[in-house]
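Let's work through a few short exercises on how two chains meet. Have a look at the structure first, then try each task before reading its solution.

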Amino acid sequence: MASPAQQLPPGWNAEWDATNQRYLFIDTATGHTQWEPPAGNPEAPPQSQGSPPPTHHGKRRQYAAGQTQAYYGSDGMAATPPQYPAAGATMQAPQQPAQLFTPGLAAEGQFQQQQAVAGGQGGYYGENPEYINAPQQQTYPQHSPAQMGALADQFGQMNMGQKGPRLFTTNLLAAPPEPFELHQPPPPILLPPGACLSPSPFANADPSYQRSTLNAIPTTNALLGKSKIPLGLVLTPYRSLKEGDEPVPLVTDTVIARCRRCRTYINPYVQFIDGGNRWRCCMCSLSNEVPQLFDWDQVRNQPGDRWARPELNHAVVEFVAPTEYMVRPPQPAVYIFLIDVSHNAVQTGMVATATRTILENLDRIPDESGRTKVALIAFDTSLYFFSMPPGGSESSMLVVSDIDDVFLPKPTDLLVNLSEGRQALESLLGRLSDMFQDNHTIGSALGPALQAGFQLMSPIGGKIVALTSTLPSVGPGALKNREDPKILGTAKESGLLQAASPFYKTFAIECSRAQVSVDMFLFSSSYQDVATLACLPHYTAGQTYFYPAFNASRTEDAIKFAHEFGEVLAQPIMLEAVMRVRASKSLRMSSFHGNFFVRSTDLLAMPAVPQDLSYAIEVQIEDTITAPFVVFQTAVLHTTCYGERRIRVVTTALPTSSNLSEIFASADQVAIATLLANKAVERSITHKLEDSRDALFNKMVEILGAYKASMTAAGAGASAQLAISENLKMLPVLVLGLLKNVGIRQSAQIPPDLRAYAQALLTSLPSQVLMPYIYPTFYSLHNMAPECGTVGEQGVIMPSPLPPTSEKLERHGLFLIEDGQTIFLWVGRDAVPQLIIDVFNLPSYETTLPVLDNVFSQRVNAVIQKTREMRRGPYYPHLYVVKEDGEPALRLWALSCLIQDRADVLPSYQQFISQLKDKVNGSSY
Amino acid sequence: MYSDLESDYVNPVEMCNKLNPFVIPEAILHGFLTVLFLLSGQWVAFAINAPLLVWNLRKVITEQYTFDATEIFRSLPDHKKEAFARLGFYLLCFFFYLYRMILALITE
C-alpha cells in the first residue's frame, strides 16, 4: 500500500476510502472512478487486499474454466477434472507432480515462495504452474494482474463467500509417501478480501516463524472435535537469518500503538476508522486512537506516510521499546563457563577442546558495545575460581573446597569485562587444560558450581554454560546412578525420564527469576542422568547438548562439539525475555510446550532465548467464532545482546471456516507432527512411554476415521481404501517416524540418557530440523543426476530424496542418509571399485571422506556440505562411513534411520498403514 | 488460591512457597487424629478417615506431596479438584464429629 498515488499513470488520482478500507482511483480527465489501480502501470499492486485465489469462483465459473481448459489444451496437470469440496466423496487418482518439483530447492526458498502465495498476488500464479492447485490457475493464463483484481473485486462486491482451499482426497494404500512432499509449503492461507491493510507479501508471518496446525480455524469447538486434528501453534520467534532471508524490520521511533483493552500491537489486520484517526483492534474490536506521532517521520521531522510503516506491512517486526517496557536499564550479556576438570573430563580431552573452542570464538561472542562480561569456574569436587584483574595479563586461581555452603572467594574481578580482561582470559584458557592435566579427582560438584555461577551473575542475569562429563556426585544436586537395564522397556522406564532430584527444578526457578539461563553440554560415557540435568535448561530456556562417550582423540567428536559449541557462543541471544501469545476472542492458549518457565497463565519467562528454538502451544476454542478471520500475535519483550530493549511481534491471520472439508484441506502436516511430538514427549514423562505411543497411534486413527466418516462415500462402513486429504498424506509416515524415534521408540535397548536427549530435541527443534530428525532424508549418490552437487541458481543442487526404505538400497550403490544430527554415507557391498576410488581414493576405504581432485568426489562433498548448512540451528551432523559388510553396530544405526522398514517389533510403513486401516474400519465411526 | 493463580494475582513460585509448608502438617494432623480414633476404638470414624490417610501416605511415599512451580499450570485442574474434595471431606467430618459429640453428651 506504500503510497499508490506515486505509482499512478498521469491523470489519475488515488483517494483513500475509509468505509471500504482501500484506495479509490479517479481519472481526473474523465471523472471515471474505479477500485483497481489503472492499467498501464504493471508494477502497481492489483488491489489493496490481494486478489483472492481462483477458488473463489462459483460453480458457473468452474464450468467455464473446464471449457477454457478444453481450448487451451491440457498440459499435464490440467487433465484433472475440477472437483467441488461439497462433493468431497469423489476419490481422485493421486497426482504426480513429481516432475515439477525441484527437490534441491533449499527450504528457505520454499518458504519465500509460499509467502508469495499467502500474499495472494494474482500475477504470481502465472509463474508457478507446479503449484498444487495448478489446474485452476491455468485457466486464466492471459489475464493481467489488473484484470484479476477487477474480477476479484466483482466477486467481492457480489458478496460471494470465500471458498476455502480445495480438498484432494488420496488413498494411502495406493500412494506411498514421497519425501519431497514434506518440502511443499503448507496449505495457503486464504484470507477474506479486505482483511489485510497491506498488499505486502510479508503481511502474514512466514511459517518458519509461526505456523498453525490448521490454516483455517474451525468456528466451533464441536467442529474442531469432529475433525480430530489438534489445534495449535508452532513458533520460533527468534529464528536465525540465513543468507537471502529478509531481516526483521525495525520500528525505531518508539511509537507503539496497542489496543487499550487486549494490549494487541497494531498490525496489518486492524481497520482504520473515523478518517484514519482511530483504529479498530482486530482481536477485540475495540476502537483505539491512533497515536499522534504515528504519521510523523521523526528522522526527517516531517509528516510521514502511515502506509510505509513496517508494522502495517510486515507480520514480523521489532519495536524499540521505550522506558515503560524496562524494569531496569538493559543488561549486558554475561557468559559464565563452568568447566568440569575432573579426571574423566581431562582424559577425554573435553577440557582442552572446550577451552580451545572458547579461545577461538572469543571474537564471535556478541560484544559490540564492549559490555559483555565473562567468567570462568572450573570444578571437580572443589571449585576453582579465576580472578582476572582488568587490564592485567595474569590470572590467579582461588580454590573453594567448602561445597555445602558455596561462597564467592572474592567480591570483584571474578566476572570480567570481555574486552578489558581479554589478555588474562586468553592466557588462562591456554593454560587451563595443562593446569589440570594430572588431576586424578573423580567426582563432580556440578550443583555447587551452578550455585556459584548463579551467585556471581544473579545481580545481572545472563547465560551459564555448564560443561560436564560426569554424574554430579557431591554437594547439593548430587545424583545417584539409577540406570537399571532391567526396567528398560517396561512401564517403569518413564520414571528414568523424570527428574530424580528436586534440586534442579527449584534451582531452575531461582535462575528464571534472576534472569539466568543455563546451557548444558554433557559428555559422559557412562550414565549421567541427562533427564534430570536437562531440567535446568528446560525451565531456564536454555538448550541441552549431549555427546555420548565423547573423546577428543576421535576427530569427529571433537569437530562436532567444537563446531556446535562455537555456534552457541557466537549466536546473538535475547536476554530477559518474556513471551505472550494473544489471539482473537474465544481462542485461548491452553497449554505450552518447550523450554521456558510458565510464569502466569499465559506468560512465558525466558531468561535468555537462543536462536532457533521452537515452542508449541495448544489452542482451545471456547466460543463460537463469528469473525471471518482470526489473528494470533506473539510478542516477545527482550533485551538484545547489544543492550537494546525491543519487542518482537509476530502476527498470523487465519481465516475461519465452518466447513469440515476446508478444515481438512488446510491442515498443515508438518505443524501437526511437531505438535504431536511435543505432546507425545510430555505424555511419556507424565504417564508411560507406551501410553504416549498409543496416544500417537490413536490420534492418527482418529484423524483417519474422522476423515473417512465425513469426507468419503464409505462413511461408517468398511472400506478397501484408506483415505486422507492430499495435504495430510505425509502425516502417517511422520507419525510412524515419531513412533520409531529414539525418544519414544519401543525398545529395551535404548539407554535412558539417549532417550532423554532425543526427547529434549523433539521438544525444542524447529520444524525445519525436526522433520528430518523424525523422517530422515535418503539420497542415492551413485546414480544422481549430473547436475546434482554442482552449484546452481539456488546454491548446490541436491539429488532428489528417496523414501527411507531399504528396498531402495542397492548392493552396488553409494547412499546418503541424514537426520540433521548425523549423516551416514552408505557404501554397498558390491560397490564398483572405480566409484570407491573416486570417492575415497583408496580401494580399502577409511572412515573419513577426503576431498579429491575428481568431479564425483567434489560433487559428493558439495552435497554433504550443503546438507550440513541448509538447516537452521547450531547442529553439525557428523559423517559416518557405513560399509554394508562393515561394523554391525554402525550398520544397524544407519538402518534404523530408514524408518519405512520393519525393525524388530516396529512395523514397516505398509504394515503400519494396514494396522491403521484395520483400526479405522473396525472402530465405530 | 488456585483461582488467584489462574487470574494472575499471584505468581506460581510464591504460591508454591506459601502452600508447601502446610502440606505435611496437615497430613500429620490428620494422621494423628485417625490414629486416635483407632486407639479409642471409634471404628466408624476411623473407617471414614482411613482412605484419606492412605491417600496422604501414598503421596508422601511417592514424593509428590509438594506443589511444583514448574508443573503447576499443567496440573492446576487436578489440584483444584483435590482441594475441593478435601474441603468437602473435612466439612463432612466436622458435622459427623459434632453429631457424635452431641450424641455422647446426651447419652451421659
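**Exercise 1.** How many salt bridges does the rule find across the interface of chain B and chain A?

*Solution.* Some ground rules first: this is a predicted model, where local features need pLDDT of at least 70, side-chain atom pairs count only at pLDDT 80 or more, and totals for chains, interfaces and linings use all residues. Residues are numbered from 1 along each chain as its sequence is written, chains are lettered from A and ligands numbered from 1 in the order in which they are written, and side-chain values use heavy atoms, with hydrogens and water left out.

Step 1: look for a side-chain nitrogen of Lys or Arg within 4 Å of a carboxyl oxygen of Asp or Glu. Step 2: count the hits, and you get 1 salt bridge. Step 3: name the partners, R513(A) and E14(B), whose closest N and O atoms are 3.7 Å apart.

**Exercise 2.** Find how much area is buried between chain B and chain A.

*Solution.* Step 1: take the accessible area (1.4 Å probe) that the two parts lose on being put together, summed over both. Step 2: that comes to about 1,200 Å², with carbon and sulfur atoms giving 57%. Step 3: on the chain B side, T70(B), F73(B) and R74(B) lose the most, together 45% of what that side buries.

**Exercise 3.** Is M101(B) buried or exposed?

*Solution.* Step 1: buried means under 20% relative accessible area, exposed over 50%, and partly exposed in between (1.4 Å probe, protein chains only). Step 2: M101(B) has 47%, so call it partly exposed.
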